[in-house]
Amino acid sequence: VSTVVSGNQNSGIALLGVPGTLTSVAVLDTVPNELGAWPGDYGHGIFAFCETGGGCGTLELEHCLVDSAHSAGLGAEGFSGFALASVVRAVKPRPLDARYGYGIQVAGEVVGTPTVFHVMDCQIIDADLAGILYYQASGTVSGTEVSGADFSVVWTTPRLAPVITDTNVL
């Protein structure tokens, strides 16, 4: 690990409409927002989202660790890209309303273009609700292990169903 981000509030790392490449980064112990209009919301380890009115980026993660987050370990809303050989563990629901708890949450079609996010050779351990959620998004899940979640991989849009290879342990 070359960079450690620890104990942040709201998000460990946030990308707003800009591309990002994270390699050998550890994001530890992210806590939800304690101030503002929505106390108890967020708490993402890594959160990438589109800028209001457009401006989405790409996100590439390699050899990263997200340990102890809320809502989602990795949230990519409108961002295409991939997570490779990374670990996400101990993701809890947000305290605001006890919802969410995703290892990786990919949300798409924010600006009308489907989001495609690939998860390759990753481990997702103890995400409260789902290891990987594709919400109006797609991608490929390969060589990935999901354990300790209520659901391994969930998607909400049949026409965008992710490709789930037979190299996974789900």
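Strands are DSSP runs of E at least two residues long, numbered from the N terminus. The views below are taken from a predicted model.

**View 1. S86 in the loop between β9 and β10.** The strand before this loop, β9, spans residues 80-84, and β10 covers 87-92. S86 is buried, as its relative accessible area is 4%, and the cut-off for buried is under 20%. Its side chain reaches the backbone oxygen of L84 at 3.0 Å. Leaving out residues up to four places away in sequence, S86 touches L61, E62, H63 and C64 on one stretch of the chain, and D121, C122 and Q123 on another.

**View 2. The largest cavity, with S86 in its lining.** A search of the whole structure finds one cavity of 30 Å³ or more. The volume of the largest cavity is about 40 Å³. Its lining consists of L61, C64, L65, V66, L74, A83, S86, V87, V88, I104 and C122. Two or more of these residues come from each of β7 (65-70) and β10 (87-92). By class, ten lining residues are nonpolar, one is polar and none is charged.

**View 3. C64 and C122, two cysteines of the cavity lining.** Both residues also touch S86. C64 is buried, with a relative accessible area of 5%. C122 is likewise buried, at 3% relative accessibility. The closest cysteine sulfur to that of C64 is in C122, at 9.3 Å, which is too far for a bond. A disulfide requires the two sulfur atoms to be within 2.5 Å. Seen from C122, the closest cysteine sulfur is that of C64, again at 9.3 Å and too far for a bond.

**View 4. The disulfide between C50 and C56.** A disulfide is a covalent bond between the sulfur atoms of two cysteines. One disulfide is found in a search of the whole structure. In the link of C50 to C56, the S to S distance is 1.8 Å. The angle about the S-S bond is 105 degrees, and the link is right-handed. C50 is buried, with a relative accessible area of 11%. C56 counts as partly exposed, because its relative accessibility is 29%.

**View 5. T144 in the loop between β16 and β17.** The flanking strands are β16 (140-142) and β17 (145-147). T144 is buried, with a relative accessible area of 1%. A polar atom of the T144 side chain lies 3.5 Å from the backbone oxygen of V119. The backbone nitrogen of D121 is 3.4 Å from a polar atom of the T144 side chain. Apart from neighbours within four places in sequence, the contacts of T144 are V119, M120, D121, C122 and I124, together with T167, N168, V169 and L170. C122 is thus in contact with T144, touches S86 and belongs to the lining of the largest cavity.

**View 6. The largest pocket and the residues that line it.** The pocket has a volume of about 200 Å³. Its lining is made up of D41, Y42, H44, F47, S71, E77, R94, R99, Y100, Y102 and Q105. The elements that give two or more residues to this lining are β5 (44-49) and β11 (102-107). By class, the pocket lining has four nonpolar, three polar and four charged residues, whereas the lining of the largest cavity has no charged residues.

Terms used
Residues numbered from 1 in each chain as written. Predicted model: local features only at pLDDT ≥ 70, side-chain atom pairs only at ≥ 80, totals over all residues. Heavy atoms only, no water. 1 Å grid on protein atoms, 1.4 Å probe; cavity = no way out; pocket = protein on both sides within 12 Å on 5 of 7 lines; lining within 4 Å. Points joined across faces, edges and corners; volume = space filled by probe spheres on them. Helix = DSSP H or I, 4+ residues; strand = E, 2+ residues; numbered from the N terminus. Nonpolar A, V, L, I, M, F, W, Y, C, P; charged D, E, K, R; others polar. Buried < 20%, exposed > 50% of the residue type's maximum accessible area, 1.4 Å probe, protein only. Polar contact = N/O pair within 3.5 Å; in protein donor to acceptor, adjacent residues only side chain to side chain. Contact = heavy atoms within 4.5 Å.
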